[in-house]
Amino acid sequence: MSNDGGEVVPGREEAGYDAATAPSGGFRKGSFGVTGSGDTSGFGGLVRVEPGGAVALHSTDRPYGGWFDEVTDALIEAVGEATYAAAVSRVLVDRGEITYFVAREHLLTLVQALRDDEALRFELCSSVSGVDYLDSGGPAVDPGRPRLHVVYHLTSMTYRRRIRLEVAVTAEDAHVPSVTGIYPTADWHERETWDMFGIVFDGHPALTRILMPDDWDGHPQRKDYPLGGIPVEYHDATIPPPDTRRAYR
């Protein structure tokens, strides 16, 4: 009997051994990646998504539950079924939140409807941020996948609801239309995302750096950006910059 109440066969099939913890299809079983010994934590039945697994996972089937279906139906009615089908590639419901994965060509059409339609009324864009999924694990994907994601959090103060939009682009063509004309609050958020991730927001009124100096080379929160650093000396010892003293994955 395992610690989580299920029967197990002694040996390599016991939770905690290689066969149980090895990544499979973007998922990892067991706790803490333990190998070579039995699982004594009580979490042998734990199943986790590998880091970056959300990049390639399937879409949640309808009904989504709660008010998620109401919002989705209202959005479809507002923009039309054909536009919605072309704009939204997948929908993910996870941990009580809903995310619409949107093609950049249709982003402005969707956010305009989300803000203005009486049945939606997402008046506030509270956050625009970036994510780089380079070498982040998860299901195998094509080398040319869109590794850079822009994430938008929209809030309806009228209906007290919150949704997330996510737009994915490649590093070679990192362009997304600016939403500042619809949500002025996105101005500095888009500037920070450009500064840190190098995602260009076309149509932004003044897309300049906000954290780094204007002449800075590169975008520090991309996964392939060197860590850099300055050697530190004390007590006759020298500590080199981080990216020269150990290997990071």
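In which loop is Arg-121 found? The residue lies in the loop between helix H4 and strand S5 (124–132). The model is predicted, and this report describes one of its helices together with several backbone features of its loops.

**Helix H2**

Helix H2 spans residues 68–79 and has 12 residues. From its first C-alpha to its last, the helix reaches 17 Å, close to the 16 Å expected at 1.5 Å a residue. Its buried residues are Phe-68, Asp-69, Val-71, Thr-72, Ala-74, Leu-75, Ile-76 and Val-79. The elements that cover these buried residues include three strands, S3 (88–94), S4 (97–102) and S7 (161–169), as well as helices H3 (81–87) and H4 (107–116). Gly-80 follows H2 and has a positive phi, near 95 degrees.

**Backbone features in the loops**

Most residues other than glycine have a negative phi, and most peptide bonds are trans. Arg-95, although not a glycine, has a positive phi of about 55 degrees. Arg-121, likewise a residue other than glycine, has a positive phi near 55 degrees. The table gives the place and accessibility of these two residues.

| Residue | Loop | Relative accessibility |
|---|---|---|
| Arg-95 | between S3 and S4 | 74%, exposed |
| Arg-121 | between H4 and S5 | 24%, partly exposed |

Arg-95 counts as exposed because its relative accessibility of 74% is over the 50% cut-off.

A cis peptide bond joins Arg-62 and Pro-63, with omega about 5 degrees. Pro-63 is placed in the loop between strand S2 (47–49) and H2.

How values were computed:
Residues numbered from 1 in each chain as written. Predicted model: local features only at pLDDT ≥ 70, side-chain atom pairs only at ≥ 80, totals over all residues. Heavy atoms only, no water. Helix = DSSP H or I, 4+ residues; strand = E, 2+ residues; numbered from the N terminus. Expected span 1.5 Å × (residues − 1). Buried < 20%, exposed > 50% of the residue type's maximum accessible area, 1.4 Å probe, protein only. Contact = heavy atoms within 4.5 Å.
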